[in-house]
Structures are given as C-alpha cells and as structure tokens.
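Please look through the structure below with the strands and the ligand in view. The text after it is meant to be read alongside the coordinates.

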Amino acid sequence: MEQTFFMIKPDGVERRLIGEILHLIERRGFILERLELRCATPEILKQHYSHLADKPFFKDIEGYMMSGPILIGVISGPKVVKSWRNMMGATNPVDALPGTIRGDFAMAPIDGNIKNVVHGSDSVEAAQREIALWFGQSAVESNR
Ligand code: CDP
Ligand code: MG
C-alpha cells in the first residue's frame, strides 16, 4: 500500500479547516496512519523544502510555515501520492480548480505571498523522504 506525507499548513489550522480536510481524506477512503500537531522549525523546513531553500522568497515561505502550528500526517491507500496531489489542486490558489482543497479554501495571494492550506509529497520517493524527516525512518518501514 502506498503512503504519502501531508500537512495542513498554519492558515488551514488557524482557519479551523482541520476537521473538513480530514473528512475529505476519510471520504476518499484513505487510512490515517500518523497525525500530529507540530510547530515547524527553520532546520526542518530547510530540509523539507530543500528544492526552494536558495530562492529569494524562501524567507517568506519560512515565515508563513512558522506562523502557527501545523498538522502533519501520513495517509495510505492506492495511488495516494497522486490522488492527494489531485485533491489539493495547483500550488497557486488562483490556478487551483474549484473542487480541489486549494481551489475551494485557499485565498488568492493579494500581497504576492501564497498561502495554500495544504501540502502533499509530489512522488513516492519524496513521500518516503518526508515521512522519515518528520516522523522518523520507522514510520516509513511500517509501510504495509
Ligand atoms: O506545494 P507544492 O508542491 O504545490 O509547490 P512547491 O513548488 O513544492 O512549493 C512549495 C511551497 O512553497 C508552496 O506550496 C508554497 O507554499 C511555497 N511557494 C511560494 O510561496 N511561492 C512560489 N513561487 C513557490 C512555492
Ligand atoms: Mg512540493
């Protein structure tokens, strides 16, 4: 069974969207394997977003991701990596289709800063790396 790593970002937690988003995950038939409310640190964000760490806007991403608690989790199910990415919608809320989480819940970035409510790994390899980073290697190996 495939696993992915997901996150409800600080704007999603602050706007009381946890229940609604977890409901979508359960309704889709995915299994919640891990769930934890956390605060991100600069160290973990640098690893989590290593592909963006040298971009000029990385400081803004860091500020956004540390603006409040986040809900992190692992979900499993058939094709869950791709399926959760489809459920999230495009990175920029203005491009995200209606019916997706970002399309329905995220707000257009009027100040240029994207706040897009959720995260999901973009490949099986990224999922394994991110699950190990946030929950430890044993969470990956518990893969059924
Ligand atoms: O989250 P996703 O995989 O869709 O996009 P990404 O390209 O991996 O970027 C990770 C996160 O960095 C995004 O979800 C945004 O929160 C942020 N980002 C941003 O604020 N501005 C950009 N031009 C690119 C990414
Ligand atoms: Mg990404």
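The paragraphs below go through the strands, then the ligand, then two single residues.

The model is predicted. A convenient place to start is strand β3, which covers residues 70-76. Seven of its seven residues are buried, so β3 is largely enclosed by the rest of the structure. The cut-off behind that statement is a relative accessible area under 20%. In a regular strand, side chains alternate between the two faces of the sheet. In β3, Ile70, Ile72, Val74 and Ser76 point one way, while Leu71, Gly73 and Ile75 point the other way. Both sets are buried.

Two strands pair with β3. One of them is β1, residues 3-8, which runs antiparallel to β3 and is joined to it by six bridges. Within this pairing, Phe5 of β1 stands opposite Val74, and Met7 stands opposite Ile72. The other is β2, residues 31-38, which pairs with β3 in the antiparallel sense over seven bridges. Here Arg38 stands opposite Ile70. Ile70, Ile72 and Val74, the β3 residues in these three pairs, belong to the set that points one way from the strand.

Strand β1 is mostly covered as well, with six of its six residues buried. Gln3, Phe5 and Met7 point one way from β1, and Thr4, Phe6 and Ile8 point the other way. Besides its pairing with β3, β1 is joined by three bridges to β4, residues 118-120, and these two strands also run antiparallel. Met7 takes part in this pairing too: its bridge partner in β4 is His119. Met7 therefore has Ile72 opposite it in β3 and His119 as its partner in β4, where a pairing of strands requires at least two bridges.

Where does ligand 1 sit? Ligand 1 is in the largest pocket. The residues that surround the ligand include Tyr49, His51, Leu52, Phe57, Ile61 and Tyr64. Also among them are Lys9, Arg85, Thr91, Arg102, Ile114 and Asn116. Three of these residues have a side-chain N or O atom at a listed distance from an oxygen atom of the ligand. For Lys9 the distance is 2.9 Å, for Arg85 it is 2.8 Å, and for Thr91 it is 2.5 Å. On its own, ligand 1 has 500 Å² of accessible area, and the protein covers 77% of it.

Two residues outside the strands complete the account. Thr100 lies in the loop between α5 (80-88) and α6 (101-105). Its relative accessibility is 11%, so Thr100 counts as buried. The side chain of Thr100 reaches the backbone nitrogen of Gly103 at 2.9 Å.

Glu2 is placed in the segment before β1. Is Glu2 buried, exposed or partly exposed? Glu2 is partly exposed, because its relative accessible area is 26%. The C-alpha atoms of Glu2 and Gly99 are separated by 24 Å, and the two residues are 97 apart along the chain.

Note on methods. Residues are numbered from 1 along each chain as its sequence is written. Chains are lettered from A and ligands numbered from 1 in the order in which they are written. This is a predicted model: local features need pLDDT of at least 70, side-chain atom pairs count only at pLDDT 80 or more; totals for chains, interfaces and linings use all residues. Side-chain values use heavy atoms; hydrogens and water are left out. Buried means under 20% relative accessible area, exposed over 50%, partly exposed in between (1.4 Å probe, protein chains only). Helices (H or I, at least four residues) and strands (E, at least two) are DSSP runs, numbered from the N terminus. A residue is near a molecule or strand if one of its heavy atoms lies within 4 Å of it. A polar contact is a pair of N or O atoms within 3.5 Å; within protein, one must be able to donate a hydrogen and the other to accept it, and residues adjacent in sequence count only if both atoms are side-chain atoms. Accessible areas come from the Shrake-Rupley method with a 1.4 Å probe; for residues, only the protein chains shown count as cover. On a 1 Å grid over the protein atoms alone, a cavity is a set of points where a 1.4 Å probe fits but cannot get out, and a pocket is an open set with protein on both sides within 12 Å along at least five of seven lines; lining residues have an atom within 4 Å of a point. A molecule sits in a cavity or pocket if more than half of its atoms lie within 2 Å of its grid points.
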